[in-house]
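Me: I have a structure open next to its sequence and would love to go through it with you. Shall we take it a question at a time?

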Amino acid sequence: MATDGDGRLVFLGAPTAAAAYGPGQDLTPARLRTAGLMDALGAVHSGLEDLGDVPRREHRRDAGNERARNLQDVVAASRDVAARLRQPLAAGSRALVLGGDCTVEIGVVAAAVAAVDRVGLVYVDYDADLNVPDTADGRLDWMGVAHLLDLDGTESSLAGMGPRRPLLEPADIRLLGATNVTDFERGQIRRDSLHVEGVELLKADVATVTERTRAWASEYDVVLIHVDADVLNFDDFAVAENTRRVDGLTLAELRRLVEQLAAIPQARTLTLAEVNLDHAADRARADRELILLMAQVAAAWNG
């Protein structure tokens, strides 16, 4: 059952690339602000409140910690996000969060579980993000879900940053779009019976996917929506961190998915992450389309 809201929509920028493979995501909030994001959101939502941006954290080599690079900065960024969102989510506000790399979702989840008991997460990404430091290449941005679940081998400072541990149970997460799945991740999915619906299913029948998601969401107080730009077909809309993905969703397909997910009564947050505008072939179009995507959600949540 959804909690009553206070009618506000808060916006938070989370400019960090500490967990990423390279620089760029940390610049996205400032760039979209300059392109007119806040005016667009304010035009469609009467209760918009700008929470500003958490401190920017850049991508670094971090040769001293090859297993979990820039861990301290990743933890600090997530803590900053949680601190800014805790009061608004406790009051029943909805929130738009613009990353930054995808580990900022850990902060969003930490704030939500501090506010209400039953929290569900819809995680839209081409990857499952279930790796841990010993099974991956040291970049924490494909380990975020593993830390939400506190899998064996995760970093305690990140997995334990919230008011409970684990932050979420396997049944609380639905992985939509996960197609690039490692052998280790596949084993975790089988072991914990994690719900996964890949890109091809989203392309073929998004209405059925969202209908099942809506039924699942009815058991939660609030549902958080996370969208990683890596789910996009890079040839169709080049804004993701990973430039190799060409079998992901088109921008139009993602827009339909987000529209239907935002309409779920329990939906309280949308996080957009892993956007690297340096990869855009047409920067003006990229700015315009991303602002439109977020404004679409803001309009759905007005009133």
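Me: Not counting residues up to four places away in sequence, which residues does Asn180 touch?
Reply: Happy to start there; keep in mind that this is a predicted model. Asn180 sits in the loop between strand S5 (173-177) and helix H7 (183-192). Leaving aside residues up to four places away in sequence, its contacts are Tyr126, Asp127, Ala128, Glu185 and Arg245.

Me: What distance does the polar contact between the side chains of Asn180 and Asp127 have?
Reply: Asp127 is among the residues that Asn180 touches. Their side chains are joined by a polar contact, and its length is 2.8 Å.

Me: Arg245 is another contact of Asn180. How far apart are the C-alpha atoms of Asn180 and Arg245?
Reply: Along the chain, these two residues are 65 residues apart. In space, the separation between the C-alpha atoms of Asn180 and Arg245 is 9.7 Å.

Me: Is Asn180 buried, partly exposed or exposed?
Reply: The relative accessible area of Asn180 is 30%. Buried would need a value under 20%, and exposed a value over 50%. Asn180 therefore falls in between and counts as partly exposed.

Me: How do S5 and S6 pair, in the parallel or antiparallel sense?
Reply: Strand S6 covers residues 195-198. One bridge links Arg174 to His195 in S6. Over 4 bridges, the sense of the S5 and S6 pairing is parallel.

Me: What is the handedness of the crossover from S5 to S6?
Reply: S5 and S6 are parallel partners. Between them the chain passes through H7, giving a β-α-β crossover that is right-handed.

Me: Let's move on to helix H9. Which strands and helices are included in what covers the buried residues of H9?
Reply: The residues to cover are Val206, Val209, Thr210, Thr213, Trp216 and Ala217, the buried ones of H9. They lie on the same side of H9, because they span an arc of only 115 degrees around the axis. Their cover includes strand S4 (119-124), S5, strand S6 (195-198), helix H8 (199-204), strand S7 (222-228) and helix H10 (251-262).

Me: And which exposed residues are on the face of H9 turned away from its buried side?
Reply: One of them, Glu211, belongs to helix H9 (residues 206-217). Glu211 has 57% relative accessibility, so it passes the cut-off of over 50% and counts as exposed. The exposed residues carried on that face are Glu211 and Ala215.

Me: What is the reach of H9 from its first C-alpha to its last?
Reply: H9 has 12 residues, and at 1.5 Å a residue the expected value is 16 Å. The model is close to that, with a reach from first to last C-alpha of 16 Å.

Me: Now for helix H4. How many of its 12 residues are buried?
Reply: H4 takes in residues 104-115. Its buried residues include Val104, Glu105, Ile106 and Gly107, and Val113 is buried as well. H4 is mostly covered, and the number of buried residues out of its 12 is 10.

Me: Which peptide bond is cis with omega near 10 degrees?
Reply: Look at Gly100, in the loop between strand S3 (94-99) and H4. The cis bond with omega near 10 degrees runs into this residue, from Gly99 to Gly100.

Me: Which residue is joined to Pro166 by a cis peptide bond?
Reply: Pro166 is found in the loop between helix H6 (156-159) and S5. Omega of this cis bond is about 0 degrees, and the partner of Pro166 is Arg165.

Me: Is Asp129, with its positive phi, buried or exposed?
Reply: Asp129 is in the loop between S4 and helix H5 (144-148). Its phi is near 55 degrees, a positive value in a residue other than glycine. Because its relative accessible area is 1%, Asp129 is buried.

Me: What is the phi of Glu274?
Reply: Glu274 lies in the loop between strand S8 (267-273) and H11, and with a relative accessible area of 1% this residue is buried. Although Glu274 is not a glycine, its phi is positive, at about 65 degrees.

Me: One last stop, Gln296. Which residue offers the backbone oxygen that its side chain reaches?
Reply: Gln296 is part of helix H11 (residues 283-300). Not counting residues up to four places away in sequence, Gln296 touches Arg255, Val258 and Glu259. At 3.1 Å, its side chain reaches the backbone oxygen of Arg255.

Notes:
Residues numbered from 1 in each chain as written. Predicted model: local features only at pLDDT ≥ 70, side-chain atom pairs only at ≥ 80, totals over all residues. Heavy atoms only, no water. Helix = DSSP H or I, 4+ residues; strand = E, 2+ residues; numbered from the N terminus. Buried < 20%, exposed > 50% of the residue type's maximum accessible area, 1.4 Å probe, protein only. Contact = heavy atoms within 4.5 Å. Polar contact = N/O pair within 3.5 Å; in protein donor to acceptor, adjacent residues only side chain to side chain. Expected span 1.5 Å × (residues − 1). Arc of directions from axis to C-beta. Pairing = 2+ DSSP bridges. Right-handed = clockwise from strand over helix to strand, strands pointing away.
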